[in-house]
Number of protein chains: 2
Amino acid sequence: MSLPHAILTALLEKPSSGLELTRRFDRSIGYFWSATHQQIYRELGKLEEARLIRALPSSQPARGRRKEYEVLPAGRSELAGWVGRTEDPKPIRDALLLRMRAAAVVGTEGLDAELRRHLDLHRRQLAEYEDIEKRHFPPERDAAEDRLRHVVLRGGIELERFWIGWLTEALGELERLPPAPR
Amino acid sequence: MSLPHAILTALLEKPSSGLELTRRFDRSIGYFWSATHQQIYRELGKLEEARLIRALPSSQPARGRRKEYEVLPAGRSELAGWVGRTEDPKPIRDALLLRMRAAAVVGTEGLDAELRRHLDLHRRQLAEYEDIEKRHFPPERDAAEDRLRHVVLRGGIELERFWIGWLTEALGELERLPPAPR
DNA sequence: CCTTGCATGTAACGCGTTACATGATTCA
DNA sequence: TGAATCATGTAACGCGTTACATGCAAGG
């Protein structure tokens with residue numbers, strides 16, 4: 001439901017080719033909505049057919065030839081409409097929480113190592129976000145669009161902090177458990 | 001990747017029919033891994049074929065006739081192995097964060113109402129979790145498996161608190177913005 | 001030339017979602 | 001007996017994922 005809107009947003013921020021988009025989805029936008037290059041090409045095709053974007057005339061179509069896209073007015077309207085649309089939050093779907101629950105039934109073997117690994121990954125991600133915050137949102141700057149983007153980034157930061165806190169708590173609980181549960 | 005494991009966990013906690021599972025996925029397990037009855041029936045079929053579960057002999061197969069399943073030893077092993085398996089955390093995929101980012105480009109119209117709606121939904125969910133915590137995990141109880149399940153629930157609680165905090169912050173930011181951005 | 005990297009694409013599969021269909025059971 | 005409910009199932013579609021295929025361009 002949201003990939004086309006992610007692409008429209010990215011293209012409005014800066015007209016790009018498919019591969020450029022893919023790279024940007026590995027960084028900024030992709031921190032909150034990831035996508036592979038196959039998904040992106042497929043979706044670009046649909047968006048073009050729906051006349052929400054168009055290929056820049058400079059780039060004539062040919063396989064292997066770079067193709068730049070820009071958003072058409074209809075695409076901008078669609079995105080503006082989506083921003084305020086009613087859409088329920090998706091229920092949580094997290095494999096780690098589920099594994100923890102499974103561990104309560106079949107035992108915790110190997111789980112502690114996996115939790116530690118995740119803890120480390122989330123710490124790295126947090127460090128990366130904090131680094132971006134320092135570089136892109138220094139206290140003195142204060143433009144309006146920047147403030148919205150900053151709130152988004154802070155969301156990512158607080159989510160990572162949540163995971164770090166929860167994983168630490170869970171590891172503590174695991175250690176306090178009898179050695180061979182069940 | 002995880003639905004079969006969610007089902008195995010649920011069936012180990014209590015052998016059930018497809019519809020019973022569906023109901024339980026609307027409550028406990030489903031708080032962390034939701035599934036519709038179609039997914040569940042499809043998956044039950046696969047698990048049975050793979051000999052990880054079996055239908056209880058009492059319930060002879062017939063459309064419309066209740067069919068109870070239980071986990072076979074192979075199913076329990078599979079689940080125990082999965083608990084400690086290496087599996088990277090999925091990157092965040094959240095439409096609200098994305099919409100916020102889109103709003104920075106095309107304007108925030110309608111977004112504040114939607115954020116308030118989500119804030120309300122998350123407050124309700126938090127209240128429900130806290131209620132479950134009071135009923136299922138009173139301070140005096142302290143069994144080992146219970147502690148793991150309690151950690152899972154606390155994860156859900158802290159996640160809801162994260163959303164409530166972030167949405168509050170985001171709403172504050174929206175109000176502080178010029179009335180007709182961009 | 002030929003390899004390497006860039007860039008766009010195809011194909012196939014599985015899970016998640018929505019809509020609908022069918023068979024049993026209960027009770028008015 | 002017929003409506004409501006319980007229970008299991010089919011069909012179709014779209015997104016996400018993985019593997020692979022094809023075309024162009026630059027440097028050795």
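The following paragraphs describe a predicted model with chains A and B, beginning with a small sheet and ending with the contact between the chains.

Residues are numbered from 1 along each chain as its sequence is written, and chains are lettered from A in the order in which they are written. Because the model is predicted, local features need pLDDT of at least 70 and side-chain atom pairs count only at pLDDT 80 or more, while totals for chains, interfaces and linings use all residues; side-chain values use heavy atoms, with hydrogens and water left out.

Chain A offers a suitable starting point. It contains an open sheet of 3 strands in the order β1-β3-β2, with antiparallel pairing. Strands here are DSSP runs of type E with at least two residues, helices are runs of H or I with at least four residues, and both are numbered from the N terminus. Two strands are said to pair if DSSP finds at least two bridges between them. Strands of a sheet pair through backbone hydrogen bonds, either parallel or antiparallel. The edge strands of this sheet are β1 (16-17) and β2 (53-55) of chain A, each of which pairs on one side only.

The pairing can be followed residue by residue. Strand β3 of chain A, residues 68-71, is joined to β1(A) by 2 bridges. Within β3(A), Y69(A) is the bridge partner of S16(A), and E68(A) is the bridge partner of S17(A). Helix α1(A) packs on the sheet and touches β1, β2 and β3 of chain A. The direction of α1(A) makes about 100° with that of β3(A); such angles run from 0 to 180 degrees between N-to-C directions, and the axes are lines fitted to C-alpha atoms, for helices over the stretch in contact. Strands β2(A) and β3(A) run antiparallel and are joined by 3 bridges, and R54(A) has E70(A) as its bridge partner in β3(A).

What surrounds A55(A), leaving aside its neighbours within four places in sequence? This residue, which lies in strand β2 of chain A, is in contact (heavy atoms within 4.5 Å) with E48(A), K67(A), E68(A) and Y69(A). A55(A) and G45(A) are 10 residues apart in sequence, and their C-alpha atoms are 10 Å apart in space.

Chain B also has an open sheet of 3 strands, with the order β1-β3-β2 and antiparallel pairing. Its edge strands are β1 (16-17) and β2 (53-55) of chain B. Between β1(B) and β3(B), residues 68-71, there are 2 bridges, and S17(B) has E68(B) as its bridge partner. Helix α1 of chain B, residues 3-13, packs on this sheet at about 100° to the direction of β3(B). Strands β2(B) and β3(B) pair over 3 bridges, with E70(B) as the bridge partner of R54(B).

Charged side chains supply a further kind of link. Side chains of opposite charge can pair when their charged atoms come close. A salt bridge is counted where a side-chain nitrogen of Lys or Arg lies within 4 Å of a carboxyl oxygen of Asp or Glu, and the whole structure has 36 of them over all chains. One of these joins R161(A) and E130(A), with the closest N and O atoms 2.8 Å apart. R161(A) lies in helix α7 and E130(A) in helix α6 of chain A, so the pair ties together parts that are 31 residues apart in sequence.

The contact between the chains remains to be described. It takes 72 residues from chain A and 71 residues from chain B. The area buried between them is about 6,900 Å², of which carbon and sulfur atoms give 65%; buried area is the accessible area (1.4 Å probe) that two parts lose on being put together, summed over both. Across this interface there are 10 salt bridges. In one of them, E169(B) meets R154(A) at 2.3 Å, N to O. On the side of chain A that touches chain B, the elements that give two or more residues are α1 (3-13), α4 (73-83), α5 (95-106), α6 (111-136) and α7 (144-175) of chain A. The largest share of that side, 18 residues, comes from α7(A).
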